[in-house]
Amino acid sequence: MFKTLTFNSIFFIILLTSIVVNAQDVDPTKPLSGTDFLSMSKAQTTPKAELILESIIHGVEVHTAVINGQVLKIGDFIRQYELVAVNNTSVVLRSAEKRLKLSVFSSVVVKSK
């Protein structure tokens with residue numbers, strides 16, 4: 001019986017240690033990326049080329065946006081687009097050929113009639 005208890009104790013300690021180590025690898029404040037479950041399901045339904053506005057952060061004098069997991073401030077580039085404006089719920093991107101307006105809630109909000 002002592003051997004079984006020792007084996008169970010060692011197994012429990014190894015299991016607990018692996019759970020603690022895995023929990024430390026996850027940053028709950030990190031924006032969603034391609035490895036997260038929600039992002040993986042979204043990636044399956046949206047084309048890879050699509051730009052997705054994930055978050056907008058308004059600081060004292062610096063306004064930033066998280067697009068496809070990349071933190072950008074006005075003047076930064078993502079692909080061929082430059083971030084030119086950060087609004088309350090949307091951002092404006094501009095390239096030589098195109099102007100894009102991305103909204104935070106465009107794919108989530110459902111308008112009622």
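This presentation describes the strands, the nonpolar core and a few individual residues of one predicted model.

Good morning, colleagues. I begin with the strands β1, β2 and β3. Strand β1 covers residues 53-58, and it pairs with β2 in the antiparallel sense over 5 bridges. The connection between β1 and β2 is a hairpin of 4 residues. Strand β2 itself runs over residues 63-67, and 4 of its 5 residues are buried, which leaves the strand mostly covered. On its other pairing, β2 meets strand β3, residues 70-73, again in the antiparallel sense, over 4 bridges.

A65 is a useful point of reference in β2. I56 stands opposite A65, and A65 also stands opposite L72 in β3. I would therefore ask you to keep A65 in view, as L83 touches it as well.

The hairpin of β2 and β3 has 2 residues between the strands. Which residue there takes a positive phi? The residue is N68, with a phi near 50°. N68 is not a glycine, and it lies in the loop between β2 and β3. Its relative accessibility is 32%, so N68 counts as partly exposed.

I turn now to the open sheet. It consists of 4 strands in the order β4-β5-β6-β7, with antiparallel pairing. Strands β4, residues 77-78, and β7 stand at the edges; each has a single partner strand, and therefore one side of each is left without a neighbour in the sheet. As a general matter, strands of a sheet pair through backbone hydrogen bonds, either parallel or antiparallel.

At the β4 edge, β4 and β5 pair in the antiparallel sense over 2 bridges. F77 has E82 in β5 as its bridge partner. The loop between β4 and β5 contains R79. R79 has a positive phi of about 55°, although it is not a glycine. With a relative accessibility of 44%, R79 counts as partly exposed.

At the other end of the order, the loop between β6, residues 90-94, and β7, residues 99-103, holds S95. Is S95 buried or exposed? Its relative accessibility is 13%, and because the cut-off for buried is under 20%, S95 counts as buried. Leaving aside residues up to four places away in sequence, S95 touches Q80 and Y81. S95 and Y81 are 14 residues apart in sequence, yet their C-alpha atoms are 4.7 Å apart in space.

Finally, I come to the nonpolar core. In soluble globular proteins, nonpolar side chains tend to be buried together. The largest nonpolar core in this model has 14 residues, and those that touch the most other members are L51, L53, I67, L83, V91, L93 and L102. Strands β1, β2, β5, β6 and β7 each supply at least two residues of this core. Strand β5, residues 81-86, gives the most, with 3 residues.

L83 deserves a closer description. What does L83 touch, not counting residues up to four places away in sequence? Its contacts are A65, L72, K73, I74, G75, D76, V91, V92 and L93. Among them, A65 and L72 are the residues that stand opposite each other across β2 and β3, while V91 and L93 are, like L83, listed with the core members that touch the most others.

That concludes my presentation, and I thank you for your attention.

Terms used
Residues are numbered from 1 along each chain as its sequence is written. This is a predicted model: local features need pLDDT of at least 70, side-chain atom pairs count only at pLDDT 80 or more; totals for chains, interfaces and linings use all residues. Side-chain values use heavy atoms; hydrogens and water are left out. Buried means under 20% relative accessible area, exposed over 50%, partly exposed in between (1.4 Å probe, protein chains only). Contact means heavy atoms within 4.5 Å. Two strands pair if DSSP finds at least two bridges between them. A nonpolar core is a set of buried Ala, Val, Leu, Ile, Met, Phe, Trp, Tyr and Cys residues joined through side-chain atoms within 4.5 Å.
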